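Student: Could you take me through the aromatic contacts in this one, close up? I'd like to see how they sit within the rest of the fold.

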Amino acid sequence: MKSNKPSYPYILLFISILSISISSIMIKFSNTPTSVAGMYRLFASVILLLPFVSWKKLRCLEMSKQDWSIVFLAGLFLGLHFLFWMESLVYTSVASSMVILSLQPLFVMIGSYFIFRERVNVVNILCLVIALLGSIVIAWGDFGVSRVALIGDGLSLLGTVFVSAYMLAGQKVSHKIGASLYSVIVFFLGGSVLLIYNLSNDFSLIDYNSSDWIYFFLLALIPTILGQSIINMLLKSLGATTISVGIIGEPVLAIILAYLFLGETITSFQFIGGMMTLLGMGMYFWVKAVNYTTVKYQNQSR
């Protein structure tokens with residue numbers, strides 16, 4: 001039987017995380033309303049993904065009303081994530097916002113325990129704690145900077161809660177719906193959430209120059225198609241918890257990119273915290289690789 005598992009899933013995970021990390025830099029470069037940029041980012045992604053949907057398989061979908069409800073909620077959570085997280089970058093630094101976003105695996109791990117009964121061993125928890133401590137060290141310099149920064153951090157935290165719920169919902173239905181079709185549906189629903197928000201706030205939907213439209217397209221192509229849609233595909237094989245641990249590395253990549261393209265300085269806290277984060281992540285994936293090899297050897301020995 002041919003495996004449905006994507007080839008080299010961890011390489012794909014790295015590509016997706018790198019692509020998502022670029023989004024914070026792109027958002028900082030633009031002066032367009034973040035909710036408008038998020039809306040067009042998702043709608044443009046739908047258009048780009050449509051040719052890759054296997055429409056012949058739609059009749060074979062065995063989705064219950066509960067499953068479709070979960071897909072609908074996933075789209076709602078995604079839209080709210082973009083709304084809160086992208087807006088957080090207006091008030092706080094890339095480093096602070098991304099570090100708070102790195103709390104995602106903690107929320108996902110808790111949710112996975114109650115929803116999927118997934119258990120993790122003490123070593124995995126230790127690795128996660130080290131990575132999260134690294135994120136806290138990175139953000140230490142931003143604590144108490146200003147009330148505006150705290151508003152941004154609060155928005156980022158809300159965005160983190162919603163993206164965690166989005167990941168869990170995606171894993172719940174990942175075995176019942178193709179990744180391309182799932183991405184198209186949730187991206188459309190998420191974009192619709194942002195459309196409603198933009199209309200309610202009287203934001204212009206068309207009065208933008210050509211550079212802004214190029215920016216919307218690049219947001220769709222890089223962090224959404226090469227980032228979020230790949231993550232949707234990997235949910236079936238890696239699971240939400242493992243993907244979320246990989247996403248912990250996103251702040252480190254974002255800080256490096258912010259240094260290179262935005263001129264933001266890398267403080268000693270960010271450097272030390274970044275090393276701790278990478279150490280925790282490396283240990284986590286090394287332990288998973290060892291466990292996988294052990295189980296595979298045991299199965300072959302029987």
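Tutor: Of the 302 residues in the chain, 50% are buried, and keep in mind that this is a predicted model. The chain is built from twelve helices and zero strands. Take the contacts with a separation of 6 or more: 90% of them are between residues 24 or more positions apart. On confidence, the mean pLDDT is 83, with 87% of the residues at 70 or more. Residues 1-7 are a weak spot, with pLDDT below 50 and seven contacts beyond near neighbours in sequence. Where pLDDT is low, the predicted coordinates should not be read in detail.

Now to your rings. Searching the whole structure turns up 13 aromatic pairs. One of them is Y40 with F216, a stacked pair at 5.2 Å centre to centre with 25° between the planes. It counts as stacked because the planes are under 30 degrees apart. Y40 belongs to helix α2 (residues 34-49) and F216 to helix α9 (residues 210-234), so this pair ties together parts that are 176 residues apart in sequence. How buried are the two partners, in relative accessibility? Y40 comes out at 18%, which makes it buried because the cut-off is under 20%. F216 has 2% relative accessibility and so counts as buried too.

For another geometry, look at Y284 and F285: that pair is edge-to-face, with 5.5 Å centre to centre and 90° between the planes. Y284 counts as buried, with a relative accessibility of 3%.

Back to Y40 and F216, since they belong to something wider: ring pairs link Y40, Y208, W213, Y215 and F216 into a cluster. In the numbering, N209 comes in the loop between α8 (179-200) and α9. N209 is partly exposed, at 44% relative accessible area, and its side chain makes a polar contact of 2.6 Å with the side chain of S211.

What about the nonpolar packing? The largest nonpolar core has 58 residues, and those with the most contacts inside it are Y166, M167, Y182, V186, F187 and I243. At least two core residues come from each of α1 (9-29), α2, α3 (65-91), α7 (147-173), α8, α9 and α10 (240-247). The largest share belongs to α3, which gives eleven residues. Y166 is a good residue to click on: leaving out residues up to four places away in sequence, it touches A74, F77, L78, Y182, V186, F187, Q228 and N232. Another core lies apart from the largest one, with ten residues, among them A131, L132, V245 and M281.

Finally, the charges. The structure holds one salt bridge. D67 pairs with K176 there, with 3.2 Å between the closest N and O atoms. D67 is in helix α3 while K176 is in the loop between α7 and α8, so the bridge ties together parts that are 109 residues apart in sequence. Are its two ends buried or partly exposed? D67 counts as buried, at 6% relative accessibility, whereas K176 is partly exposed, at 40%.

Notes:
Residues numbered from 1 in each chain as written. Predicted model: local features only at pLDDT ≥ 70, side-chain atom pairs only at ≥ 80, totals over all residues. Heavy atoms only, no water. pLDDT = per-residue confidence, 0-100. Contact = heavy atoms within 4.5 Å. Phe/Tyr/Trp six-rings, centres within 6.5 Å; stacked < 30°, edge-to-face > 60°. Helix = DSSP H or I, 4+ residues; strand = E, 2+ residues; numbered from the N terminus. Buried < 20%, exposed > 50% of the residue type's maximum accessible area, 1.4 Å probe, protein only. Polar contact = N/O pair within 3.5 Å; in protein donor to acceptor, adjacent residues only side chain to side chain. Core = buried A, V, L, I, M, F, W, Y, C linked by side-chain atoms within 4.5 Å. Salt bridge = Lys/Arg side-chain N within 4 Å of Asp/Glu carboxyl O.
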